[in-house]
Amino acid sequence: MTSETVTEQDTDSKKWQEALRKMLPAGAPLPDEDQLDYSIAVEYDGPLPLPTASIPTVDPVSISRFSRFRKLQNGTAKSVVSRPSRASNQFDNDSSSNTNSISVSNANLSDQQFDSCSDEFENDVDVDSVENSTNLANSVNSGSSENVVSETKNLSKKKMCNRCGKKNRFLLRGIESCIVCDAGYCSNCVLKAMGSMPEGRKCVSCIGMPIDELKRPSLGKSSKILLRVCSPLEVAQIMKAETECKANQLRPEQLIVNGRQLHDEELAEIFGCSVPPQKLKPGRYWYDKDSGLWGKEGEKPDRIISSKLNIGGKLQLDASNGNTKVFINGREITKVELRVLKMANVQCPRDTHFWVYDDGSYEEEGQNNIKGNIWGKASTRLVSALFSLPVPPESPSRSKEDPTTFSSKSVPAYLEKESVHKLLLFGIEGSGTSTIFKQAKCLYGKKYTAEELQNIKLTIQSNLYKYLSVLLEGRERFEEEFLFKNDHPVLDADGSSPGETASNRNKQCIYSINQRLKHFSDWLLEIMAIGDMDAFFPAATREYAPVVDEIWKDPAIQETYKRKEELPFLPDVARYFLDRAIEVSSNEYEPSEKDILYAEGVTPSNGLSSIEFSCDDHNLSSDDYYDNFEYQSPLTKYQLIRISSKGMQDGCRWLEMFEDARMVVFCIALSDYDQVYSHGTGPPQNKMLASKELFESTVKNPSFSDTPFVLLFNKYDAFEDKINQSPITNCEWLKDFNPLKPHHNNQSLASQAYYFMAMKFKKLYFSITGRKLFVWQTRALERKSVDEAVMYLTEVLKWEEDKNEGVYGNAGDESFYSGEVTTSPYVAQE
Ligand SMILES: Nc1nc2c(ncn2[C@@H]2O[C@H](COP(=O)(O)OP(=O)(O)OP(=O)(O)O)[C@@H](O)[C@H]2O)c(=O)[nH]1
Ligand SMILES: [Mg+2]
């Protein structure tokens, strides 16, 4: 080794030390290389004030990680989602994959680039590898260099225009590909290569040829590229031709219905009927011509189409692979269907054979006696919709005689069902799921109706009495304790005995209230004890509002409130509403958005609630969020389904109904680590442990064996507030937390603890599933934080989809890449 190289290395290592020191909290010692704790990276919050030329920087080269969160601006990668806090990070990395690789280079980057890169660093460093690594260089190069290079090659090929061969900057905005041969063209070449597009987006040489079936879902969905080179009207025409021209249609032999290939006229019959199966793809299906139920072979029904079509073979008993011993029109139904039938109060013991007609009326086979209508009840329709079972359209023209009179206008969203991604949201009591749900509803859902608002108002008004009664009960207890203590004072050191005990009995104490209020208190507590509150309220609301206000302001109650930690049933929001008792109780009161957010009992406490939204509903997300993306179908719908904590306790019976959920969003309040949880008959337990148990059992639930999980760590604000007073090691499971000392403030400690807990859960999840757990943090009371969380969820879905489709294997590739790969010196060394 020459002396020159030695000095070079020396200087390098000094630079590293200098850079590290800047990243560490002020005064923190430079850790040993061996014990370097890289979770400190979450602290990093901006470019270092060092000459950029000499700073080792982080260059994003990981291809598959580019996504909407890493969209490119001016050639640099930047996190689109602004960080909700210094510590906002996603732990979406998989230690076993190479997708997190980041190469380190000494390239000269501008400040701005450095900033972007450090963003990337902050968000992307593989937590697992960081934790285990002993060397920064290794940690940031956690992927193998070979893989990085080959991924890049693939991408380069993918992103090359098939006509001009250029990888010019237009390519950052995507390419348009041929629906037959997948050749891609940049916006400069697309018209030259595809001509007037009489059959949609096909190379001129591919016209007349059948399309690539993988691309069928994107038929008729235009991209932004086309809009750049054609007028909107032209694009509309091209898209129309693409969906309608003969060459692009399914061929009858691609469809097998009830075990038989279709003929030409059968295909025509399907497409010609008034309610055809939409978005039909080649495959094997079953069809029940009496009820109109239609599904994929071996699966539950998927939709209801026109009945009485003469297509395919005879419906088989095992068409949907049911195992319930209950039969509909000769088909053994699936568990989910049976459950819905039971909810619709249809008696169905084993070995029942039903005859179901297309209007939902049913009878037992051979009895000739209509027993009822399955779809009669709105609740059944709702439950069916939630469980992805089809429901017939609600149309006045619907009739048994003429089943094909459904007007196409009334065909509901279920026809688009396959593009609805269900996200299941739950967690233990108080984790914040209803707050998140309400925020999401405000952000993307429909406005509350007048009736809903009225109900919310009544809920808020009666909550006042609930809170008051908790306080009054606490007051009584504290008063008794206080007087008892004074009755039996501990002997003083001088041996003086309890002298004036008798007179204490009649004495007032700080917890005492006047006779009049005592009277009201007794009355209210009695009503609460009987559980008869609804009989008195809201009628009594306005009448008693002044008393409520008076009691709340009474010094005794204020003293009681000071000990709210001892009142487990008093939520934090009590003060928010009690402070405004008079206003809230008035007839004219209209709950504000904030009131609704804070109000308890707005989302059902023992069941399901759901909202549907599409990507376009992101009203908080910046416009340029989608700028660089291929056009996303506005039809990508998401359904956020919240299962209440009570519903979860119920033997988790809901879960098995959601096998088709695209994602489980498990919510845990970070601030629960030192809270006690007691429910049911079980002994009190640490709340974080209770969450962990529920998490574990959910992960092991067979219904979710293939479903990605996202862990939402909620109440980050409360977590930050308390972490310095109450160490997280108070929780048995978190005993081995060993923060890098000294932490100069709550934020830094909180972010380290957050990382630590995220890692705990990631490892737990990995040990059960062998997969990666996605982790995100929220402050559910802040709307922006929930919006960001939802964006993250949709992003994870996208990643998962890409993964399932074999990333970049086909055209809909939404990843972006900024110029050439910088070969890291470390990669080169390997
Ligand atoms: N400080 C803080 N409070 C929150 C946050 N999220 C929710 N809360 C409060 O925590 C309490 C419980 O939240 P909920 O949303 O009702 O929790 P939940 O999961 O629906 O719980 P159940 O209704 O018991 O099933 C409410 O008083 C919320 O206002 C948060 O991010 N920070
Ligand atoms: Mg709640």
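**Exercise 1. Does Val340 count as buried or exposed?**

Solution. The model is a predicted one, and the value to start from is the relative accessibility of Val340, which is 3%. Since buried means under 20% relative accessible area, Val340 counts as buried. As for its place in the fold, Val340 belongs to helix α10, which covers residues 335-343. A further step relates sequence to space: Val340 and Ser379 are separated by 39 residues in sequence, and their C-alpha atoms are 9.9 Å apart.

**Exercise 2. Describe the protein chain as a whole, beginning with its secondary structure and ending with its surface.**

Solution. Begin with the secondary structure, where the protein chain contains 27 helices and 24 strands. Next comes burial: of the 830 residues in the protein chain, 52% are buried. For the contacts, take those with a separation of 6 or more, and 70% of these join residues that are 24 or more positions apart. Finally, the accessible surface of the protein chain is about 38,100 Å², and carbon and sulfur atoms hold 50% of that surface.

**Exercise 3. Examine the backbone of Lys308 and Asp351, and state where each residue lies and how exposed it is.**

Solution. The background is that most residues other than glycine have a negative phi. Lys308, which is not a glycine, nevertheless has a positive phi near 60 degrees. Lys308 sits in the loop that runs between β11 (301-304) and β12 (326-328), and with a relative accessible area of 49% it is partly exposed.

Turning to Asp351, its phi is likewise positive, at about 60 degrees, although Asp351 is not a glycine. The loop that holds Asp351 lies between α10 and β14 (352-356). With a relative accessible area of 53%, Asp351 is exposed, the cut-off for that class being over 50%.

**Exercise 4. Work out how helix α23 is built and how far the rest of the structure encloses it.**

Solution. The geometry comes first: α23 spans residues 687-700, has 14 residues and reaches 20 Å from its first C-alpha to its last, close to the 20 Å expected at 1.5 Å a residue. At the N-terminal end, the helix is capped by Asn686, of which a side-chain oxygen lies 2.8 Å from the backbone nitrogen of Met688.

The second step concerns burial. The buried residues of α23 include Met688, Ala690, Leu694, Phe695 and Val699, but also Lys687, Lys692 and Glu696. Because 10 of its 14 residues are buried, α23 is largely enclosed by the rest of the structure.

**Exercise 5. Characterise the surroundings of ligand 1, from the shell of residues down to individual polar contacts.**

Solution. The shell around ligand 1 consists of 16 residues, the closest being Gly430, Ser434, Thr435, Ser645 and Ala780. Among the contributors to this shell, α12 gives the most, with three residues.

Three polar contacts with oxygen atoms of the ligand can then be set out in turn. A polar side-chain atom of Ser434 is 2.6 Å from an oxygen atom of ligand 1; for Arg642, an N or O atom in the side chain lies 2.9 Å from an oxygen atom of ligand 1; and for Asn714, a polar side-chain atom is 3.0 Å from an oxygen atom of ligand 1. As for the ligand's surface, ligand 1 taken alone exposes 640 Å², of which the protein buries 81%.

**Exercise 6. Compare the ligand surroundings with the binding-site annotations in the UniProt record.**

Solution. In an unreviewed entry, UniProt lists Ser434 and Ser605 under "binding site". Ser434 is part of helix α12 (residues 433-444), and, once neighbours within four places in sequence are left aside, it is in contact with Thr603 and Arg642.

The UniProt entry, again unreviewed, also places a "binding site" feature at Asn714, Lys715, Tyr716, Asp717 and Ala780. These positions are spread over 67 residues of sequence, yet they cluster in space, with a largest C-alpha distance of 9.2 Å.

Two members of this group can be examined individually. Asp717 lies in helix α24 (residues 716-722) and, with a relative accessible area of 28%, is partly exposed. Ala780 is found in the loop between β24 (774-777) and α26 (783-804), and at 5% relative accessibility it counts as buried. Leaving aside neighbours within four places in sequence, Ala780 is in contact with Thr435, Ile436, Gln439, Asn714 and Val786. Ala780 is also one of the residues closest to ligand 1, and so the annotated position and the computed shell coincide at Ala780.

Methods
Residues numbered from 1 in each chain as written. Chains lettered and ligands numbered in written order. Predicted model: local features only at pLDDT ≥ 70, side-chain atom pairs only at ≥ 80, totals over all residues. Heavy atoms only, no water. UniProt positions renumbered as here; feature names shortened; annotations may be inferred. Helix = DSSP H or I, 4+ residues; strand = E, 2+ residues; numbered from the N terminus. Contact = heavy atoms within 4.5 Å. Expected span 1.5 Å × (residues − 1). Buried < 20%, exposed > 50% of the residue type's maximum accessible area, 1.4 Å probe, protein only. Polar contact = N/O pair within 3.5 Å; in protein donor to acceptor, adjacent residues only side chain to side chain. Near = heavy atom within 4 Å. Areas by Shrake-Rupley, 256 points an atom, 1.4 Å probe, with all protein chains shown as cover.
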